[in-house]
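Here are my notes for a colleague who is meeting this structure for the first time. They are set out as numbered points, to be read beside the sequence and the model.

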Amino acid sequence: MISIRLLDAEDHKWIFEACQDDEIQRFTYVPRPYTIEHAKEFAISQAGEYIVWVIQRSEEPIGVISIHDICDKTGVASIGYWIAPWGRRQGGASAAIALVVDYARQNPIITELQAKIADTNHASIGAAQRAGLSISQQACKACPDGELQVQGSVFSIQI
C-alpha cells in the first residue's frame with residue numbers, strides 16, 4: 001500500500017542513503033557529492049519547495065514527491081519525484097503522483113499539475129503516464145541526465 005506523508009527532520013537519514021544512488025543523481029538536481037549535511041538541510045528547509053511528501057510503502061520510506069511551486073497567475077503546479085533503489089518497479093511513483101493529483105483537486109488555487117521529465121528518463125515518463133499525466137509540450141529548458149543536459153517534455157493533467 002502506497003501512501004504519502006509530510007517530510008520531517010528525521011527523514012534525513014534515509015534520504016542521504018537514497019541520494020547516493022546513481023539514478024537519483026542522474027535525473028535530479030541533487031548536489032554531487034550528496035552529503036549528510038545536504039540531507040539534513042533538505043529535511044529541515046525543504047529546499048524552498050511548496051510542499052514535500054515522503055512516499056511510503058506500508059511504513060517504509062521509498063521516495064520523495066513534491067510540488068515545487070504554483071504559478072499565481074495560472075494555477076499551474078510543478079511537481080517532481082524520485083524513488084530510492086529499494087522501492088523501484090513496484091508502482092510507488094505512479095501511486096504517489098495520483099495521491100498528489102487528489103491533493104491538487106482539494107486545493108482551489110491549482111488548475112493543472114505538470115512534471116518536466118528528461119526524454120531519456122523512461123521510468124519517470126512511465127510513472128507519470130500511469131498516473132494519468134500526458135505529454136503536453138516540449139520543455140523550454142533542458143533536463144539533467146548525468147553530466148548532460150537533454151531535451152525534456154512536460155507531462156500534465158488538468159485539475
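**Notes on the model**

1. The count of aromatic pairs comes to two, where rings of Phe, Tyr and Trp (its six-membered ring) pair if their centres lie within 6.5 Å, and planes under 30 degrees apart count as stacked, over 60 as edge-to-face and the rest as tilted. One of them joins tryptophan 14 and tryptophan 82, a tilted pair with 5.9 Å centre to centre and 55° between the planes. Tryptophan 14 belongs to helix α1 (residues 12-18) and tryptophan 82 to strand β4, so that 68 residues separate them along the chain; helices (H or I, at least four residues) and strands (E, at least two) are DSSP runs, numbered from the N terminus.

2. This is a predicted model, in which local features need pLDDT of at least 70 and side-chain atom pairs count only at pLDDT 80 or more, while totals for chains, interfaces and linings use all residues. Residues are numbered from 1 along each chain as its sequence is written, and side-chain values use heavy atoms, with hydrogens and water left out.

3. Are these two tryptophans buried or exposed? Tryptophan 14 is buried at a relative accessible area of 11%, and tryptophan 82 is also buried, at 12%, where buried means under 20% relative accessible area, exposed over 50% and partly exposed in between (1.4 Å probe, protein chains only).

4. The other pair is made by tryptophan 53 and tyrosine 103, which is edge-to-face because the planes stand at 75°, with the ring centres 5.1 Å apart. Tryptophan 53 lies in strand β2 and tyrosine 103 in helix α4, so this pair ties together parts that are 50 residues apart in sequence. Tryptophan 53 is buried, at 6%, whereas tyrosine 103 is partly exposed, at 27%.

5. Strand β4 also belongs to an open, mixed sheet of seven strands, in the order β1-β2-β3-β4-β5-β9-β6, where two strands pair if DSSP finds at least two bridges between them. The edge strands, each pairing on one side only, are β1 (2-6) and β6 (134-138). Strands β3 (residues 60-70) and β4 (residues 76-83) run antiparallel and are joined by seven bridges, and serine 66 stands opposite glycine 80 in β4.

6. Which residues are closest to the centre of the largest pocket? They are Phe27, Thr28, Gly80, Tyr81 and Trp82, out of 48 that line the largest pocket; a pocket is an open set of points on a 1 Å grid over the protein atoms alone, where a 1.4 Å probe fits, with protein on both sides within 12 Å along at least five of seven lines, and lining residues have an atom within 4 Å of a point. Strand β4 gives the largest share of this lining, six residues.
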